[in-house]
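Here are some notes to read alongside the model, written for someone meeting it for the first time. Please keep the 3D view open and look up each place as it comes along.

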Amino acid sequence: CIFRHVDFSDKFQSTKHYHTHRNNNMGKVPVLTTSTIPDSVKLAKYAVRGQLVKRALQIDETLASGDHDFPFDKIMYCNIGNPQSLGQSPITFPRQVLALLEYPNMLENEYVEHIFPKDVIERVKQIQKSMNYKSIGAYTHSQGLKFVRESVSKFIRNRDGIDAEDYSNANDIFLSDGASSGIKMVLSMLIRDKNDGIFIPIPQYPLYSATIPLLGGTELRYPLNDREEWSLNIEELINAINKAKSEGIVPRAMVVINPGNPTGQCLRKEVIEEVIRVCYENNMVLLADEVYQENVYGEIKFNSFKKVLYEMGEDYSGMELFSFHSLSKGFYGECGLRGGYTDLTNIDEGVRSEIYKLASIGLCPNVPGQIVMSVMVNPPVEGDESYETYINEKNAILESLARRAVKAVDMLNSLPAIRCNPAQGALYIFPEVELPQLQIEEAKGRDLEPDVMYCLDLLENTGICVIPGSGFGRDNGYFFRTTFLPLEEDFDTILDSFANFHQAYISQYSG
């Protein structure tokens, strides 16, 4: 079996030559070149949209032309948690609400009640009244619409079973364009210079490893144990903190992703308690990335850091915590609408004012994202006309994700030279591949990391786009991250394609 390979180094040469030629003709030395842009930009890496995806997009263009000899007819983008790009249908209720707000004249149409359910129309009128104007084309409060923030704080109180106004209120909430912009804003408040360190899990989501150097800070790492279902070892965390301090780095904050990305684990309550204690004792701020809180498939239930901190009592009442959530994950999968929120717990009033100033620079979060966030946290309830459709769509998506997670893990663990932990939550699995020495040597000859070569060869031969583990900071062993988002009607075909490739690949390189 001979596998297709690609020489990635020459893919963008024609573009580079064109720009050099153009600039020489103009007789002007460009201000911006890779040698004159900030080092912090060049240090930032984002594997989820990096080398593999660039190649996948090139192949996509070739497939679209119809003139190709690839053994597949489409790319399966399993590189990113982008459910609707792989065929997941939007939830009906929020899209109906958004449709009427996008075109409010429809409310005056005599047939509107024959097209939209009554509770949709009523919700739209409530939103218009809360905004004091009928158009979502206007700027809002820089922190986000107040009624949306009130809905989010009520959602948090209901989720955690703590109905106290001082537990969460609208002033604690900053709406954002997805969780990512909120995370970047908080990191910009934490990082003063290269002596400030931010602890991130390894493996980690590349948003953090890209943003920390971009802001001039130092990335600090704590390991997750793949031999114990990606568990967090508190003793290793404490050792990492002490090591950083001994090297003159100030540990300013710790990021926890729960459920995990890329590893799909869920933290037990007792581990969350230990993390809070360690951060409190070491004067570190906690950043709880909880965007997958609806995506829980195993026996370990989701516990928010906010709730666990509250239940730990007065001894920890000064513990500073930022919590993040998003429209993009869960069962909504509304990645393109860019809706999210940041919840502030025990944050100094002066710092809140500075965060508000940063939010004001961007004027306001996008309004459609805010509106759909208000629906996500305040969905139809039993008795509403849209409830049955809503709950059926929600359950169908979450149950299907759970089935796909199990099916993918079972298939991977049935193959030689591969090992995969169960997906307890989120949208990903992170299997380890035991690559043969012959493949490792060939990868070095191609100036590639072995896991990158494996993923590129998988892409070239099957059209399946996954991300190598080295892109998530994992530097021992060879891993890759894949979603289990392709629709169930496509899923078996994709798994079969992967299995056939992997078995032939391992066999060929095993000699």
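1. Let's begin with Arg277, which is partly exposed because its relative accessible area is 27%; here buried means under 20% relative accessible area, exposed over 50%, and partly exposed in between (1.4 Å probe, protein chains only). The side chain of Arg277 forms a salt bridge with that of Glu274, at 2.9 Å from N to O. A salt bridge is taken to be a side-chain nitrogen of Lys or Arg within 4 Å of a carboxyl oxygen of Asp or Glu. Glu274 is partly exposed too, with 33% relative accessibility. The two residues sit three apart in helix α11 (residues 269-281), about one turn of the helix. Helices (H or I, at least four residues) and strands (E, at least two) are DSSP runs, numbered from the N terminus.

2. A word on the background: this is a predicted model, in which local features need pLDDT of at least 70 and side-chain atom pairs count only at pLDDT 80 or more, while totals for chains, interfaces and linings use all residues. Residues are numbered from 1 along each chain as its sequence is written, and side-chain values use heavy atoms, with hydrogens and water left out.

3. How many salt bridges are there by this rule? The count comes to 21. One of them joins the side chains of Asp343 and Lys306, at 3.1 Å from N to O. Asp343 belongs to strand β9 (residues 340-345) and Lys306 to helix α12 (residues 305-311), so this pair ties together parts that are 37 residues apart in sequence. Asp343 is buried, with a relative accessible area of 1%, and Lys306 counts as buried at 3%.

4. Next, please find Arg352 and Glu349, whose side chains meet in a salt bridge at 3.8 Å, N to O. Because they are three residues apart in helix α13 (residues 349-361), about one helical turn separates them. Are the two partners buried or exposed? Arg352 is buried, with a relative accessible area of 12%, whereas Glu349 is exposed, at 57%. Elsewhere, Asp226, Arg227, Arg419 and Glu432 are joined into one network by salt bridges that share partners.

5. Now for Leu485, in the loop between β15 (480-483) and α18 (488-509). Leu485 counts as buried because its relative accessibility is 3%. Its C-alpha atom is separated by 8.2 Å from that of Gln88, although the two residues are 397 apart along the chain. Setting aside neighbours within four places in sequence, Leu485 is in contact with several residues, including Ile80, Pro83, Leu86, Leu401 and Leu427. Contact means heavy atoms within 4.5 Å.

6. How do helix α16 (residues 437-445) and helix α17 (residues 450-462) pack? Their angle is about 95° and their axes are 8 Å apart; axes are lines fitted to C-alpha atoms, for helices over the stretch in contact, with angles running from 0 to 180 degrees between N-to-C directions. The two helices are therefore roughly perpendicular to each other, a label covering 65 to 115 degrees. Gln439, Ile440, Glu442 and Ala443 of α16 meet Pro450, Met453 and Tyr454 of α17.

7. Finally, take a look at Val41 in helix α2 (residues 39-43). Val41 counts as partly exposed because its relative accessibility is 40%.

How values were computed. Parallel < 35°, antiparallel > 145°, perpendicular 65-115°, else oblique.
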